[in-house]
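Okay, thanks for coming, everyone. Let me put the thing up on the screen and walk you through a few spots.

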Amino acid sequence: MEEIQSRKGQGRVADAPSGHWVYRFLPRGMWPYAQLARWDRPIGWQLLLWPCWWSTALAASAFARPGAALFDVLPSIWHLALFLVGAIAMRGAGCTYNDLIDEGIDGAVERTRSRPLPSGQVTRGQAWGFLMAQALLGLLVLVQLNGFAIAVGLASLATVAVYPFAKRFTDWPQFFLGLAFSWGALMGWAAHFENLTLAPLLLYSGSILWVIGYDTLYAHQDKEDDALVGVRSTARLFGDRTKQWLVALYAGALLFFAVAFALAEVPMPALAGLVAAGAHMARQVRVLDIDDPDQCLALFKSNNVVGWLIFLGLIGGGVWAVVSPHF
């Protein structure tokens with residue numbers, strides 16, 4: 001079992017699981033870089049990926065009519081693979097950038113002081129070099145898409161650049177995270193149609209509300225330390241009214257998603273995924289204890305299930321168009 005690392009010695013970061021493949025298979029010299037990219041905590045790239053995959057599936061099943069060919073309504077495997085690699089690379093680059101900006105704050109917070117920079121496991125120069133390598137991989141993925149999608153993807157860099165500073169000037173840093181983490185909701189549609197319409201814009205808007213909701217759960221882990229060091233968050237802003245805010249945020253997200261589906265004219269069974277996702281969100285709110293950091297982390301991670309439910313619903317809607325004439 002790896003010790004929590006500090007300036008006295010190398011180990012795992014405090015919120016990473018012991019025995020993770022990063023620590024079992026990578027040489028110790030790679031550990032700080034894996035920690036910068038959060039390879040030992042994959043939930044981040046998974047949550048970044050879902051808006052990309054939703055948008056890809058929405059575009060594929062859009063305007064599907066009964067009797068459509070199966071391969072015409074299923075999302076492009078090539079695009080799904082590109083977005084998978086891109087999400088891992090750009091989530092890692094974003095986290096590395098965030099750690100460079102927040103080194104001082106991370107050193108003052110119990111959960112984050114074991115990260116590679118504040119614990120002295122990597123230099124700032126090494127972190128910048130690793131950031132550039134990940135960004136180049138992300139660029140290599142991006143240029144596989146059409147010119148319009150490339151331009152849309154490059155525009156996302158503005159949201160990524162602003163996010164680490166948001167906690168210093170607003171109580172809504174989760175909104176800025178939503179702007180960055182939801183950008184994929186535009187990318188799948190742009191890669192398929194080479195344009196943007198109201199449907200992907202509404203998908204993007206709904207995803208922003210979803211991100212604010214789940215990252216509020218995450219931020220409740222650090223609210224005491226954040227108050228001491230002056231870091232602002234929706235967890236601190238909402239406080240004891242967090243459940244009411246989550247109801248509004250999640251309900252708004254589902255409404256935006258439903259209207260996006262309607263505008264794209266995806267077959268009605270796709271809504272089953274939204275219903276199931278709504279039930280999962282309702283359970284999060286029902287059981288939430290904002291003073292239990294372990295539970296807040298578990299509920300935050302459970303939003304990966306929301307991603308699967310909405311994605312599979314869209315796949316099911318497309319498949320329904322294929323099989324419905326046979327019923």
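To talk about a kink I need a bend: at a residue, that's the angle between axes fitted to the seven residues ending there and the seven starting there. Helices here are DSSP runs of H or I, at least four residues, numbered from the N terminus. Before I use any of that: this is a predicted model, so local features need pLDDT of at least 70 and side-chain atom pairs count only at pLDDT 80 or more, while totals for chains, interfaces and linings use all residues. Residues are numbered from 1 along each chain as its sequence is written, and side-chain values use heavy atoms, with hydrogens and water left out.

Right, helix α9, residues 157–169. There's a kink of about 45 degrees at Tyr163, shortly before the proline Pro164. Lys167 sits over the face of that Tyr163 ring, 5.6 Å from the ring centre; the rule is NZ of Lys or CZ of Arg within 6 Å of the centre and within 35 degrees of the ring normal. Both Tyr163 and Lys167 are among the buried residues of α9, where buried means under 20% relative accessible area, using a 1.4 Å probe and protein chains only. What do the buried residues of α9 pack against? That would be α5 (77–101), α6 (103–108), α8 (147–155) and α10 (173–181).

Next, the aromatics. Rings of Phe, Tyr and Trp (its six-membered ring) pair if their centres lie within 6.5 Å; planes under 30 degrees apart are stacked, over 60 edge-to-face, and the rest tilted. That gives 20 aromatic pairs. Take Trp54 and Trp210: centres 5.0 Å apart, planes at 45 degrees, so tilted. Trp54 is in α3 (residues 43–61) and Trp210 in α12 (residues 198–219), so this pair ties together parts 156 residues apart in sequence. Trp210 is buried, at 0% relative accessible area. Trp54 also pairs with Phe257, with centres 5.2 Å apart and planes at 70 degrees, so that one's edge-to-face. Phe257 lies in α15 (residues 242–263), so here the parts tied together are 203 residues apart. Ring pairs link these three with Tyr214, Tyr218 and Phe300 into a cluster.

Last stop, Ser182, in the loop between α10 and α11 (184–193). Buried or exposed? Buried, at 0% relative accessibility. Outside its neighbours within four places in sequence, Ser182 is in contact (heavy atoms within 4.5 Å) with Pro51, Tyr204, Ser207, Ile208 and Val211. And a polar atom of the Ser182 side chain lies 3.2 Å from the backbone nitrogen of Ile208.

Definitions and conventions:
Helices (H or I, at least four residues) and strands (E, at least two) are DSSP runs, numbered from the N terminus. Buried means under 20% relative accessible area, exposed over 50%, partly exposed in between (1.4 Å probe, protein chains only). A polar contact is a pair of N or O atoms within 3.5 Å; within protein, one must be able to donate a hydrogen and the other to accept it, and residues adjacent in sequence count only if both atoms are side-chain atoms.
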